[in-house]
Amino acid sequence: MIAKESSFYYCDEYFSYIQSDIEKRIFGIMLDHIGENEQLIFTTHNTDMLDLNLPKHSYTFLRKQLEDGVYKVSAISASEVLKRNTDSIRNVVENDVFSSLPQDSLLDELELEVGK
């Protein structure tokens, strides 16, 4: 990004094993260096990233929903759901409004089976 060798940057879970504050700081450095006609896609499962002071339209979530026996993946922008500036992205994610949390019902079944 600093060398301006591209106009499109994709960072997919690259920082998943580092401390949250470091990931947020690196992301901030990336934002500081992105040019006017450049695009950055940054994927993470780190919910601390939801607390950054970014516009709601900056956040897009992938959701997996069962339709006619088949799981379909779609993207939903936070701004489609959150209309007020005071709405909390972290709150709606933690309450699975975007249907983006992992399905863990099989783990519940496993716990019950192992506990017998």
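## Salt bridges

The count of salt bridges in this predicted model comes to six. One of them pairs the side chains of Asp48 and Arg90, with N and O 2.9 Å apart. This pair ties together distant parts of the chain: Asp48 sits in the loop between E2 and E3, Arg90 belongs to helix H3 (residues 89-94), and the two positions lie 42 residues apart in sequence numbering. As for solvent, Asp48 is partly exposed at 28% relative accessibility, while Arg90 has a relative accessible area of 18% and is buried, because the cut-off for buried is under 20%.

Arg90 also has a partner inside its own helix. It forms a salt bridge with Glu94, and the closest N and O atoms are 3.2 Å apart. Why are Arg90 and Glu94 separated by about one helical turn? Because they are four residues apart in helix H3. Glu94 is partly exposed, with a relative accessible area of 47%. Put the shared partners together and you get one network of salt bridges joining Asp48, Asp51, Arg90 and Glu94.

## Arg84 and Asp87

Another salt bridge joins the side chains of Arg84 and Asp87, at 2.8 Å from N to O. Which side of the buried or exposed divide does each partner fall on? Arg84 is exposed, with a relative accessible area of 56%, whereas Asp87 counts as buried at 16%. The labels come out that way because exposed means over 50% and buried means under 20%.

## The largest pocket

The largest pocket has a volume of about 1,300 Å³. Its lining takes in 36 residues, and those closest to the centre are Thr43, Thr44, Thr60, Phe61 and Leu62. Which elements each supply at least two residues of the lining? They are helix H1 (20-33) and the strands E2 (39-43), E3 (60-67) and E4 (70-77).

What about the chemistry of the lining? The residues divide into 18 nonpolar, 12 polar and six charged.

## Phe42 in strand E2

Phe42 is part of strand E2, and at 16% relative accessibility it counts as buried. Its C-alpha atom is separated by 4.8 Å from that of Cys11, although the two residues are 31 apart along the chain.

Which residues does Phe42 touch, leaving aside those up to four places away in sequence? The list is Cys11, Phe15, Glu23, Phe27, Met30 and Met49. So Cys11 turns up twice in the story of Phe42, once through the C-alpha separation and once as a contact, since contact means heavy atoms within 4.5 Å.

## Two buried serines

Ser20 is in helix H1 and is buried, with a relative accessible area of 15%. Its side chain makes a polar contact with the side chain of Asn46 at 3.1 Å. Apart from residues up to four places away in sequence, Ser20 touches Asn46 and Asp48. That brings us back to Asp48, the salt-bridge partner of Arg90.

Ser77 lies in strand E4, and it too is buried, with a relative accessible area of 14%. The side chain of Ser77 has a polar contact with the side chain of Ser79, at 2.9 Å. Setting aside residues up to four places away in sequence, Ser77 touches His57, Tyr59, Thr60 and Phe98. Thr60 is also one of the residues closest to the centre of the largest pocket.

## Positive phi away from glycine

Here's a backbone detail to look at. Most residues other than glycine have a negative phi. Lys4 has a positive phi of about 55 degrees although it is not a glycine. Lys4 is found in the segment before strand E1 (8-12) and is partly exposed, with a relative accessible area of 44%.

Where is Ser99, which also has a positive phi of about 55 degrees? Ser99 is in the loop between H3 and helix H4 (105-114). With a relative accessible area of 24%, Ser99 is partly exposed, because that label covers values between the 20% and 50% cut-offs.

Notes:
Residues are numbered from 1 along each chain as its sequence is written. This is a predicted model: local features need pLDDT of at least 70, side-chain atom pairs count only at pLDDT 80 or more; totals for chains, interfaces and linings use all residues. Side-chain values use heavy atoms; hydrogens and water are left out. On a 1 Å grid over the protein atoms alone, a cavity is a set of points where a 1.4 Å probe fits but cannot get out, and a pocket is an open set with protein on both sides within 12 Å along at least five of seven lines; lining residues have an atom within 4 Å of a point. Grid points are joined across faces, edges and corners, and a volume is the space filled by probe spheres set on the points. Ala, Val, Leu, Ile, Met, Phe, Trp, Tyr, Cys and Pro count as nonpolar, Asp, Glu, Lys and Arg as charged, and the others, Gly among them, as polar. Buried means under 20% relative accessible area, exposed over 50%, partly exposed in between (1.4 Å probe, protein chains only). A polar contact is a pair of N or O atoms within 3.5 Å; within protein, one must be able to donate a hydrogen and the other to accept it, and residues adjacent in sequence count only if both atoms are side-chain atoms. A salt bridge is a side-chain nitrogen of Lys or Arg within 4 Å of a carboxyl oxygen of Asp or Glu.
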